[in-house]
Amino acid sequence: MNQLTIRELMMMEDELRAEQITGKTLNWCASQCQDVSTRELLERMAEQHQLRIAELSQYFNRTDHVQ
């Protein structure tokens, strides 16, 4: 099992936050988009960011938290 330092935890938190913001922004853009193909593309991109969040969260939950 991996152990994370405080610095690594902070970096992971920043990355998770960035992925969440990006995913939400892409979803918002998709909801505003008139072009169907562009909207679908944006929705797929947002979904990839959501999958990345899940992947990072699972990794985080499998690690020891070192202080």
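**Group meeting: two helices and what sits between them**

Okay, let me start with the cysteines: the disulfide count here is 0. Keep in mind that this is a predicted model. Why no bond for cysteine 29? Because its sulfur is 8.6 Å from the closest cysteine sulfur, the one in cysteine 33, and that's too far. A disulfide would need the two sulfur atoms within 2.5 Å. As for exposure, cysteine 29 is partly exposed, at 30% relative accessible area, while cysteine 33 counts as buried, at 17%.

Right, on to the helices. Helix α1 covers residues 6-32, so that's 27 residues. From first C-alpha to last, α1 reaches 39 Å, close to the 39 Å you'd expect at 1.5 Å a residue. Then there's α2, residues 36-61. For the 26 residues of α2 the expected span is 38 Å, and the end C-alpha atoms sit 37 Å apart, which agrees.

Now, which residues of α1 are buried? You've got Leu9, Met12, Leu16, Glu19, Gly23, Leu26 and Ala30. If you like helical wheels, here's the background: an α-helix has 3.6 residues a turn, so residues three or four places apart point the same way. Over in α2, the buried residues are Leu42, Ala46, Ile53 and Leu56, and they pack against α1.

So what makes up the largest nonpolar core? There are 6 residues in it: Leu4, Leu9, Met12, Leu16, Ile53 and Leu56. The elements that give two or more residues to this core are α1 and α2, and α1 gives the most, with 3.

Let me zoom in on one of those, methionine 12. Methionine 12 is in helix α1, and it's buried, with a relative accessible area of 10%. What does methionine 12 touch, leaving out residues up to four places away in sequence? The answer is Leu4, Leu56, Tyr59 and Phe60. Take the leucine 56 partner: methionine 12 and leucine 56 are 44 residues apart in sequence, yet their C-alpha atoms are 7.8 Å apart in space.

For contrast, look at glutamate 8, which is also in helix α1. Glutamate 8 is partly exposed, with a relative accessible area of 38%. Glutamate 8 and glutamine 48 are 40 residues apart in sequence, and C-alpha to C-alpha they're 23 Å apart. What glutamate 8 does have is a polar side-chain atom 2.8 Å from the backbone nitrogen of threonine 5.

Okay, charges. The general idea is that side chains of opposite charge can pair when their charged atoms come close. How many salt bridges do we count here? The number is 4. I'll walk through some of them.

First up is arginine 17 with glutamate 13, where the closest N and O atoms are 3.1 Å apart. These two are 4 residues apart in α1, so about one helical turn separates them. Both ends are partly exposed: arginine 17 has a relative accessible area of 39%, and glutamate 13 comes in at 45%.

Next, arginine 52, which turns up in two bridges. With glutamate 15, the closest N and O atoms are 2.6 Å apart. That pair links distant parts of the chain, since arginine 52 is in helix α2 and glutamate 15 is in helix α1, 37 residues away. Buried or exposed? Arginine 52 counts as partly exposed, at 28% relative accessibility, and glutamate 15 is partly exposed too, at 32%.

The other bridge from arginine 52 goes to glutamate 55, at 2.8 Å, N to O. Here both residues lie in helix α2, 3 residues apart, about one turn of the helix. Glutamate 55 is partly exposed, with a relative accessible area of 47%. There's also a network where salt bridges share partners, and that one joins Glu13, Asp14 and Arg17.

So, to wrap up: the buried residues of α2 pack against α1, α1 and α2 are the elements giving two or more residues to the largest nonpolar core, and the bridge between arginine 52 and glutamate 15 links α2 with α1. And again, it's a predicted model. That's me done, happy to take questions.

Conventions:
Residues numbered from 1 in each chain as written. Predicted model: local features only at pLDDT ≥ 70, side-chain atom pairs only at ≥ 80, totals over all residues. Heavy atoms only, no water. Expected span 1.5 Å × (residues − 1). Buried < 20%, exposed > 50% of the residue type's maximum accessible area, 1.4 Å probe, protein only. Core = buried A, V, L, I, M, F, W, Y, C linked by side-chain atoms within 4.5 Å. Salt bridge = Lys/Arg side-chain N within 4 Å of Asp/Glu carboxyl O. Contact = heavy atoms within 4.5 Å. Polar contact = N/O pair within 3.5 Å; in protein donor to acceptor, adjacent residues only side chain to side chain.
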